[in-house]
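This briefing covers one protein chain and is meant to be read beside its sequence and structure. The points are grouped by topic.

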Amino acid sequence: MKRPTETMCPCGSSLAYARCCGRWHAGEPAPDAESLMRSRYSAFVMCNEPYLLATWHGAQRPKSIEFDRNQKWLGLKIVDARVTGSDSAEVEFIARFRIGGGSAARLHERSRFVKEGDRWLYVDGDIRG
């Protein structure tokens, strides 16, 4: 059986988890907003609440995150990633998932990020069609 660090990263990068989002989950700052977005997706897959809360901007951060244990994440597609200012960026993504035996669904969002110090943080996002 493979250790989690030897498995492929859930974010779809084709890299091993340890060489991809595992670094950010272990505390190394994500170098850009897209990397943070990918690592947050992986954290949702892994139900990693501490990482998600730590990478959420304080102005919008919830007190806790409730995970649906019947939800299975199926994949992430980055549609667009762009720098919008010296310390701001946006990432548009589509995350596919299924809850229980239901049909596959998707979350299409354009997310906003800010950089504070050496850390990128998720601020909020607009749901797309």
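Cys-47 lies in the loop that joins H2 to H3. The model described here is a predicted one. The points below take up the backbone at Cys-47, then the chain as a whole, and then several of its parts.

**Positive phi values**
- The phi angle of Cys-47 is near 55°, which is positive although the residue is not a glycine.
- Most residues other than glycine have a negative phi.
- Cys-47 is partly exposed, with a relative accessible area of 26%; that value falls between the 20% limit for buried and the 50% limit for exposed.
- Ser-14 is also a residue other than glycine with a positive phi, in this case near 75°.
- Ser-14 sits in the segment before H1.
- With a relative accessible area of 60%, Ser-14 is exposed.

**Chain as a whole**
- The chain contains 3 helices and 4 strands.
- Read from the N terminus, the order of the elements is α-α-α-β-β-β-β.
- The radius of gyration is 14 Å, close to the 14 Å given by the globule rule for 129 residues, so the chain is as compact as a globular protein of that length.
- The C-alpha trace spans about 40 × 35 × 30 Å along its principal axes.
- Buried residues make up 37% of the 129 in the chain.
- Of the contacts between residues at least 6 apart in sequence, 36% join residues at least 24 apart.

**Surface and charge**
- About 7,500 Å² of the chain is exposed, and carbon and sulfur atoms supply 49% of that area.
- The chain has 20 positive and 16 negative charges, and the mean positions of the two sets are 6 Å apart.

**Helix H2**
- H2 covers residues 33–45, a run of 13 residues.
- From first C-alpha to last, H2 reaches 18 Å, close to the 18 Å expected at 1.5 Å a residue.
- Of the 13 residues of H2, 10 are buried, so the helix is largely enclosed by the rest of the structure.
- The buried residues include Arg-38 and Arg-40, along with Leu-36, Met-37 and Tyr-41.
- Ser-35, Ser-39 and Ser-42 are also among the buried residues of H2.
- The cover over these buried residues includes helix H1 (21–25) and helix H3 (49–54).
- Strands S1 (71–85), S2 (88–99), S3 (105–116) and S4 (119–127) are also included in that cover.

**Trp-24 in helix H1**
- Trp-24 is found in helix H1.
- The relative accessibility of Trp-24 is 7%, so this residue counts as buried.
- Beyond four places in sequence, Trp-24 touches Pro-29, Ala-30, Pro-31, Ser-35, Ser-39 and Tyr-51.
- Ser-35 and Ser-39, two of these partners, are buried residues of H2.
- Trp-24 and Ser-35 are 11 residues apart in sequence, and their C-alpha atoms are 8.6 Å apart in space.

**Gly-125 in strand S4**
- Gly-125 belongs to strand S4.
- At a relative accessible area of 27%, Gly-125 is partly exposed.
- Leaving out residues up to four places away in sequence, Gly-125 touches Glu-109, Arg-110, Ser-111 and Arg-112.
- Gly-125 and Glu-92 are separated by 33 residues in sequence and by 8.9 Å in space, C-alpha to C-alpha.

Technical notes:
Residues numbered from 1 in each chain as written. Predicted model: local features only at pLDDT ≥ 70, side-chain atom pairs only at ≥ 80, totals over all residues. Heavy atoms only, no water. Helix = DSSP H or I, 4+ residues; strand = E, 2+ residues; numbered from the N terminus. Rg over C-alpha atoms; globule rule 2.2 N^0.38 Å. Buried < 20%, exposed > 50% of the residue type's maximum accessible area, 1.4 Å probe, protein only. Contact = heavy atoms within 4.5 Å. Areas by Shrake-Rupley, 256 points an atom, 1.4 Å probe, with all protein chains shown as cover. Lys, Arg positive; Asp, Glu negative; His and termini not counted. Charge placed at Lys NZ, Arg CZ, Asp CG, Glu CD. Expected span 1.5 Å × (residues − 1).
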